[in-house]
Amino acid sequence: MFDPPIDLSDLPGYQAAASTRPARVAFSGRCSTRDNQDPRSSIAGQLAEASTLLAPGEVFTAHFWDVESGMLGLDERSQGSADDYARLGVAVPRDGGLRELLEWAERGELDRVVCERIARVARDMLPSLQVEYHLASRGVTLECANEPRGGMATGPLELRRTAQVRSEIYRHELLEQSMRGQRQHAAAGYRHGPACYGYIAVVDPDAPPAANRFGGGRPKMRLALHPDARRADTVREVFRLRRNERLHDGEIAGVLAADLGRHPLAEGQVPWAARRIRKMLFQPKYTGFQVFNRCAARTNRSRMNPIADWVWSRQQAHPVIVPLDQWYETQLVTAQMRQRQAPGWDRVHEAAAQQGIQLTAIRQSDTHILYEAAGRHLVLPRGDLPAAVADEVIAALEAGA
């Protein structure tokens, strides 16, 4: 249709020389146990679908697949060990996961990558596009068995982009449904996460059986007091030292470490440290209530969520170690102690703002500054404001408000 006006086929470079090297084609797959997929059948099924894109006599030179959530970012993929995958009993050979696939492409060891569908690469659109771009920029084509072949490139591209959007929407639907189930799970008082110090996890014999298409599901569990009563006593002592003695995290850890006979270490002999004390003092499950969504494990690097976003059980679901009113009082004491550790000037300015008072510098010397605040004069030192001075200024501001 667009041929030249004369025959140019005898000119050098008229047609690209055919490569004598067989194309190096890799299989890419993924399944998630969270979707109740059996890796043995899922990965084998994906391989069978991907094999339809092989030419007669062509074989896969490498197989890359993972059994993990497609919601993970690229830097979190392919974390499982070779032993972990060997125990799965999947009949498909494995040269690595998505991370290794990208490394092979980086070294120029692949020509094509074939998968069942684009959602097997990643659920989120951004990492899926990143993989696609990484491969294309290194001359590696990414093909999906469920996309049409031949013709113009816009048709398959439109289908792939639509599939990527649909896959990400499906991901959010799964998260919404999972969160709904987790909230109801917590509201009913069932355990989330490992048992905290002082408790053990026990199967609830009265819970309705949970089953899935692969057989019995995980049993529902609740918290019960640890058989070693010293642990519950240790928790109570930690809260008392904070609430009554106003000891800091490190000081409390030192008290416990000095008498391991009364305050035994947890399994694994993890030593008492300030971080452990801090987590223990903020743990609401000691009140007997089950609590979920305290931290954003996936969306915010495990940072603590606001207390208003926590999901509490409808009633106390396990034995109480620290009464709710004492837990609440301990949180107030902790907040006061942390506030006092903040820079003095920050605390003064925050207190003034809360009272609607403007601090205005009137005059100053080399060592002090005279401020006017709500009709009062305050003479404060330059530089860092000592905590005791900050306490007096804050008290004066509150008294004059």
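The exercises below, each with a worked solution, concern a predicted model.

**Exercise 1. The cores**

Find which residues touch the most other members of the largest nonpolar core, and which helices supply at least two residues of this core.

Solution. Start with the membership: the largest nonpolar core has 24 residues. Within this core, Val235, Phe239, Trp272, Ile277, Met280 and Tyr286 touch the most other members. Next, turn to the helices. At least two core residues come from each of helix 6 (229-243), helix 7 (249-257) and helix 8 (274-281). Helix 6 gives the most, with 5 residues. Then take one member, Val235, and leave out residues up to four places away in sequence: Val235 touches Tyr197, Met280, Tyr286, Ile321 and Val322. Finally, another core of 19 residues lies apart from this one, and Ala62, Ala105, Leu110 and Val121 are among its residues.

**Exercise 2. A sheet of 3 strands**

Work out the strand order of the open sheet and how its strands pair.

Solution. The order is 13-14-15, and the pairing is antiparallel. Strands of a sheet pair through backbone hydrogen bonds. Now look for strands that pair on one side only: these are strand 13 (360-364) and strand 15 (376-381), the edge strands. On average, neighbouring strands in the sheet are turned by 30 degrees against each other, with direction ignored. Strand 14 (residues 368-373) is joined to strand 15 by 6 bridges. Across these two strands, Leu370 stands opposite Val379 of strand 15.

**Exercise 3. Histidine 377**

Decide whether histidine 377 is buried or exposed, and list its contacts beyond four places in sequence.

Solution. First locate the residue: His377 is in strand 15. Its relative accessibility is 55%. Exposed means over 50%, so His377 counts as exposed. Setting aside neighbours within four places in sequence, His377 is in contact with Ile362, Leu370, Tyr371 and Glu372. For a distance, take Thr360, which is 17 residues from His377 along the chain; their C-alpha atoms are separated by 9.6 Å.

**Exercise 4. Positive phi angles**

Determine where serine 78 and asparagine 293 lie, and whether serine 78 is buried or exposed.

Solution. Take Ser78 first. This residue is not a glycine, yet its phi is positive, about 55 degrees. Ser78 is in the loop between strand 2 (62-67) and helix 2 (82-86). Buried means under 20% relative accessible area; Ser78 has 8% and therefore counts as buried. Asn293, also not a glycine, has a positive phi of about 70 degrees. Asn293 belongs to the loop between strand 9 (291-292) and strand 10 (295-296).

Notes. Residues are numbered from 1 along each chain as its sequence is written. This is a predicted model: local features need pLDDT of at least 70, side-chain atom pairs count only at pLDDT 80 or more; totals for chains, interfaces and linings use all residues. Side-chain values use heavy atoms; hydrogens and water are left out. A nonpolar core is a set of buried Ala, Val, Leu, Ile, Met, Phe, Trp, Tyr and Cys residues joined through side-chain atoms within 4.5 Å. Buried means under 20% relative accessible area, exposed over 50%, partly exposed in between (1.4 Å probe, protein chains only). Helices (H or I, at least four residues) and strands (E, at least two) are DSSP runs, numbered from the N terminus. Contact means heavy atoms within 4.5 Å. Two strands pair if DSSP finds at least two bridges between them. Axes are lines fitted to C-alpha atoms, for helices over the stretch in contact, and angles run from 0 to 180 degrees between N-to-C directions.
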